[in-house]
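Reader: I have a model to go through. Can you take my questions on its helices and its sheet?
Author: Go ahead.

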Amino acid sequence: MNSKEIPYKIYLEEKDMPKEWYNLRADMKNKPAPLLNPGTKEPLTLNELSAIFCEELAKQELNDTTPYIEIPKEIRDFYKMYRPSPLVRAYCLEKKLDTPAKIYYKFEGNNTSGSHKLNSAIAQAYYAKAQGLKGVTTETGAGQWGTALSMACSYLDLDCIVYMVKCSYEQKPFRREVMRTYGAKVTPSPSMETEVGRKILQMYPDTTGSLGCAISEAVEVSIKKEGYKYVLGSVLNQVLLHQSIIGLEAKVAMDKYGIKPDTIIGCAGGGSNLGGLIAPFMGEKLRGKADYEFIAVEPASCPSFTRGVYAYDFCDTGMVTPLAKMYTLGSGFIPSAIHAGGLRYHGMSSTLSQLYADGYMKAIAVKQTEVFEAAEQFARVEGILPAPESSHAIKVAIDEALRCKETGEEKTIFFGLTGTGYFDMPAYEKFHNGEMVNQILSDEDLAKGISGLPTV
């Protein structure tokens, strides 16, 4: 189909919404390494995992063989409030860049939470409610996940306890207040409320926190509080499963118009957005049906893919969670207080880590100021103020389009716009005032965290 016939925004009809999530691991020849019990170093059993997560979510976490898993009708009905989300042809950005490349993005910010996180939040809250729980505990970085989970829990009448990374708690007060509006209890992490929080504060009294710290606190509370389970917004296989709806919808929309992306780009913190975005396309590549270039974009100040090691590590700073084999900077690594709070995690999804190790995708680390330059450029021509996390993908998409301008290559670029940045204005303010700095880690900085990896 001629590109001029492709609308600016492609909306699917309700009937075209996926009724099943896609489990990418089913098509992987090399499966992700299993989660390990930190005490025995043996693969976690369903019973052990169910002590932390809802039983159905634990089953999804361990499922490496079922390619498609039905989305319960109650979740699909909730999705209809904001899905299908649009696939957008970035005509204005293409014109501004004067590139022969075609640029598309999947916009996930058209819901009150402002991001893709709601796709998994409602699923995890649904299974908690179905199990008869009183509530859930979680962590949040920039606040998108906490906001999404508080919305889902409010909808299903569940308690929601959120430990928010301290620097984000202070940088993003409005997102914190949205969570509280939806009934969540929000605590800056590390805190004095938990044993692990007090221990971290004793060791690092001036710490700005990290997702690893907040995870430790949320897990501790879930174990001690009867009727509660822990839920997580990224990294886990179950989360990538729920987020596959992003890529599935995009694939249906693209097939409808005969669009085939050459390069697919996503920001990478723990892996929820990237994994969901690439899932059906990576599945085709694994099955030998099509080929795509996949690019993961991470912050230079938290470069788990590009400068981390592929090893078993704790998923949290307090070392109370199972061990996961992943690209990691070490669970003791405390990232700098960058404004892309959702990307401040020391490790990466075990599924994506295995794919990266096997050479199915590549990774690029970018500087914070360059990310905000790209965000501003995008906002001025496409009319959406992007979240700092999403802007990492925008930065590399622009770079790829400009490379096409130099070479004359007419490639098709597709990236994930995970959410909006309207609660991130203090970050934009610092950028405009010239107060934003780039944190580039030395080898010595990285060695400190990596030296603490557990022996497996």
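Reader: Which residues in α5 meet α11?
Author: Asn119, Ser120, Ala123 and Gln124 in α5 meet Gln238, Val239, His242, Gln243, Ile245 and Ile246 in α11. Contact means heavy atoms within 4.5 Å. Helices here are DSSP runs (H or I, at least four residues), strands likewise (E, at least two), numbered from the N terminus. This is a predicted model: local features need pLDDT of at least 70, side-chain atom pairs count only at pLDDT 80 or more, and totals for chains, interfaces and linings use all residues. Residues are numbered from 1 along each chain as its sequence is written, and side-chain values use heavy atoms, with hydrogens and water left out.

Reader: Why are α5 and α11 called oblique to each other?
Author: Their axes come within 8 Å and cross at roughly 125°. Axes are lines fitted to C-alpha atoms, for helices over the stretch in contact, with angles from 0 to 180 degrees between N-to-C directions. Under 35 degrees is roughly parallel, over 145 roughly antiparallel, 65 to 115 roughly perpendicular, and the rest oblique. The pair is therefore oblique.

Reader: What makes β1 and β14 edge strands?
Author: Each pairs on one side only. Two strands pair if DSSP finds at least two bridges between them. The open sheet runs β1-β4-β5-β15-β10-β11-β14, with mixed pairing.

Reader: How do you know that β10 pairs with β15?
Author: Three bridges join β10 (residues 263-267) to β15 (residues 412-417), and pairing asks for at least two. The two strands run parallel. Ile265 stands opposite Phe415 in β15.
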